[in-house]
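The following exercises concern the burial of residues, the packing of a helix and the pairing of charged side chains. Each task is followed by a solution in steps.

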Amino acid sequence: MTDLQIRAALPADAGTVLAFWKEAAEGTSITDDADGVIRLVTRDPDALILAESDGVLVGSVIAGWDGWRASLYRLAVLPSRRRQGIATALLDAAERRFVAVGGRRGDAMVLEANESAQRAWAAAGYHREDHWRRWVKPLVETV
């Protein structure tokens, strides 16, 4: 895939990223708004990694590093562009980032019901840890 460009997102990309996630990502998050995306890339400019082809956003991954954990979220590829190496390129960029900052293990958030995503993560070398479960508590009300 020679025309693929991997780059960090900019605050100006927020609208494009949100539209892309509606088309390519499963599930929603309380932070799926322009303020949330802008806050992410302002706080950690290298966290949101984008893949573009001919100027079109075709993939994304959030590679969050808090100094303790290397967390992966929102790995998504346009349905029409899947199985072309885009997810692999995004994960390679995320993993290089984590190694550069001292990360020792990547933790991926994967929806239980998304079997194709589970297969993709497994193919990338990740495995499910059944002894952990995510516990959440909303800190603000959503509309």
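Residues are classed by relative accessible area: buried means under 20%, exposed means over 50%, and partly exposed lies in between. The model under study is predicted.

**Exercise 1.** Determine whether Ile30 is buried, partly exposed or exposed, and state which surface patch contains Ile30.

*Solution.*
1. Ile30 is placed in the loop that runs between α1 and α2 (34–43).
2. Its relative accessible area is 46%, so Ile30 is partly exposed.
3. Together with Leu139 and Val140, Ile30 makes up a nonpolar surface patch, whose combined accessible area is about 340 Å².

**Exercise 2.** Establish where the buried residues of α1 lie around the helix axis, and identify the elements against which they pack.

*Solution.*
1. In α1, the buried residues are Ala14, Val17, Leu18, Phe20, Trp21 and Ala24.
2. These residues lie on the same side of α1, because the arc they cover around the axis is only 160°.
3. Lys22 and Glu23, by contrast, are exposed on the other side of the helix.
4. The packing partners of the buried residues are α2, β2 (48–53), β3 (56–65) and β4 (70–77).

**Exercise 3.** Analyse the surroundings of Asp13 and the salt bridge between Glu52 and Arg7.

*Solution.*
1. Asp13 belongs to the loop between β1 (4–8) and α1 (14–24).
2. With a relative accessible area of 13%, Asp13 is buried.
3. Beyond its neighbours within four places in sequence, Asp13 contacts Arg7 and Leu50. The side chains of Asp13 and Arg7 are joined by a polar contact of 2.9 Å.
4. Arg7 also forms a salt bridge with Glu52, at 3.0 Å from N to O. Since Glu52 is in strand β2 and Arg7 in strand β1, this pair ties together parts that are 45 residues apart in sequence.
5. Glu52 is buried at 18% relative accessibility, whereas Arg7 is partly exposed at 25%.

**Exercise 4.** State how many salt bridges the whole structure contains, and examine the one between Asp32 and Arg74.

*Solution.*
1. Searching the whole structure yields seven salt bridges.
2. In the pair Asp32 and Arg74, the closest N and O atoms are 2.9 Å apart. Asp32 is in the loop between α1 and α2 and Arg74 is in strand β4, so the pair ties together parts that are 42 residues apart in sequence.
3. Asp32 is partly exposed, at 30% relative accessibility, while Arg74 is buried, at 14%.
4. Salt bridges with shared partners also connect Arg7, Asp13 and Glu52 into one network.

Technical notes:
Residues are numbered from 1 along each chain as its sequence is written. This is a predicted model: local features need pLDDT of at least 70, side-chain atom pairs count only at pLDDT 80 or more; totals for chains, interfaces and linings use all residues. Side-chain values use heavy atoms; hydrogens and water are left out. Helices (H or I, at least four residues) and strands (E, at least two) are DSSP runs, numbered from the N terminus. Buried means under 20% relative accessible area, exposed over 50%, partly exposed in between (1.4 Å probe, protein chains only). A polar contact is a pair of N or O atoms within 3.5 Å; within protein, one must be able to donate a hydrogen and the other to accept it, and residues adjacent in sequence count only if both atoms are side-chain atoms. Contact means heavy atoms within 4.5 Å. Patches are made of residues with over 30% relative accessible area and no salt bridge: like charges are joined within 9 Å, nonpolar side chains (Val, Leu, Ile, Met, Phe, Trp, Tyr) within 5 Å. Accessible areas come from the Shrake-Rupley method with a 1.4 Å probe; for residues, only the protein chains shown count as cover. A salt bridge is a side-chain nitrogen of Lys or Arg within 4 Å of a carboxyl oxygen of Asp or Glu. The arc is that of the directions from the helix axis to the C-beta atoms.
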